[in-house]
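Hi everyone, thanks for making time for this one. I'd like to walk you through a structure, starting at one end and working inwards. Let me put it on the screen.

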Amino acid sequence: MLKKGTKIYSIFKNKCPKCHQGNFFEGNNPLHLKKVLSTNENCSHCGFKYVIEPSFFYGAMYVSYGLTVGISILTFIILYALGLNLLQVFIGIVVALVVCTPFTLRLSRLIYINMFVKYDPEYKSDLKIKSSLEIEDSTESATN
């Protein structure tokens with residue numbers, strides 16, 4: 001299920017949606033709150049630019065909304081089945097949403113970009129090709 005080449009792999013492993021090699025976020029720890037949404041600009045492996053257009057990730061708010069509604073419903077069902085009253089259930093839902101916020105923020109961005117980007121293991125961006133050509137040119141001029 002978590003095989004390379006699947007969208008689930010990219011989403012849950014914090015990998016580039018294009019090549020599944022480089023990391024999407026700067027760090028893998030969602031609990032580092034200062035860097036919870038620090039996205040790399042480009043993939044370190046293929047050079048794919050993550051911000052496809054300005055304000056691209058505003059659409060991830062809709063995915064985040066769906067995730068938080070799902071968490072709220074699941075929390076309601078569990079706490080209500082345990083026999084808690086509605087005030088206690090409401091407090092439990094608020095606590096669950098606050099605790100899950102770093103995870104839902106990151107997950108929603110990964111889900112959203114994976115909705116638009118298709119896996120291509122052979123992809124190399126023009127930026128990556130240019131940088132590798134510049135490195136080759138500089139090594140050739142250094143040897144001459």
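Let's begin with Gly5, which sits in the segment before helix H1, the helix that covers 7–13. Before I go on, please keep in mind that this is a predicted model. Gly5 counts as partly exposed, at 30% relative accessibility. Which residues does Gly5 touch, if we skip those up to four places away in sequence? They are His20 and Tyr119. There is also a long-range pairing to look at here: Gly5 and Lys118 are 113 residues apart along the chain, and their C-alpha atoms are separated by 9.4 Å.

Now let me zoom out for a moment. The protein chain has 4 helices and 0 strands, so if you read the elements from the N terminus on, you get α-α-α-α. Of the 144 residues in the chain, 33% are buried. What about contacts across the sequence? Taking contacts between residues at least 6 apart, 61% join residues at least 24 apart. On the outside, the chain exposes about 9,600 Å², and carbon and sulfur atoms supply 64% of that area.

On to the inside. In soluble globular proteins, nonpolar side chains tend to be buried together. Here, the largest nonpolar core has 17 residues, and those with the most contacts inside it are Cys16, Phe24, Cys43, Phe48, Tyr50 and Ile113. Two elements give two or more residues to this core: helix H2, spanning 60–81, and helix H3, spanning 86–116. The largest share, 3 residues, comes from H3.

Phe24 is a good one to click on. Leaving aside neighbours within four places in sequence, Phe24 is in contact with a long list of residues, including Cys16, Tyr50 and Ile113. Also among its partners are Asn14, Lys15, Pro17, Phe57, Arg109 and Leu110.

I know some of you are already eyeing the cysteines. A disulfide is a covalent bond between the sulfur atoms of two cysteines. How many disulfides does the model have, if we ask for cysteine sulfurs within 2.5 Å? The count comes to 0. Why is Cys16 not bonded to Cys43? The sulfur of Cys43 is the closest cysteine sulfur to that of Cys16, but at 3.7 Å it is too far for a bond. Cys46 is in no disulfide either, with the nearest cysteine sulfur, in Cys19, 3.7 Å away. As for where these residues sit, Cys16 is buried, with a relative accessible area of 0%, and Cys46 is buried with a value of 0%.

Next, helix H3. At its start, a side-chain oxygen of Asn85 reaches to within 3.2 Å of the backbone nitrogen of Leu87. Further along, H3 bends by about 55° at Thr101, and a proline, Pro102, follows within four residues.

Let's see where H2 and H3 come together. Thr75 belongs to helix H2, and Ala96 belongs to helix H3. These two are 21 residues apart along the chain, and their C-alpha atoms are separated by 7.3 Å. Setting aside neighbours within four places in sequence, Thr75 is in contact with Gly92, Ile93 and Ala96. From the other side, Ala96 is in contact with Ile71 and Thr75, again without those neighbours. Is Thr75 buried or exposed? Thr75 is buried, because its relative accessible area is 13% and the cut-off is under 20%. Ala96 also counts as buried, at 17% relative accessibility.

Last stop, the backbone in the loop between H1 and H2. Asn14 lies in that loop, and its phi is near 60°, a positive value in a residue other than glycine. Asn14 is buried, with a relative accessible area of 7%. Ser55 is in the loop between H1 and H2 too, and its phi is likewise near 60° and positive, in a residue other than glycine. How accessible is Ser55? At 46% relative accessibility, Ser55 counts as partly exposed.

That's my tour. Feel free to spin the model around while we talk!

Conventions:
Residues numbered from 1 in each chain as written. Predicted model: local features only at pLDDT ≥ 70, side-chain atom pairs only at ≥ 80, totals over all residues. Heavy atoms only, no water. Core = buried A, V, L, I, M, F, W, Y, C linked by side-chain atoms within 4.5 Å. Buried < 20%, exposed > 50% of the residue type's maximum accessible area, 1.4 Å probe, protein only. Contact = heavy atoms within 4.5 Å. Bend = angle between axes of the 7 residues up to and from the residue. Polar contact = N/O pair within 3.5 Å; in protein donor to acceptor, adjacent residues only side chain to side chain. Disulfide = S-S within 2.5 Å. Areas by Shrake-Rupley, 256 points an atom, 1.4 Å probe, with all protein chains shown as cover.
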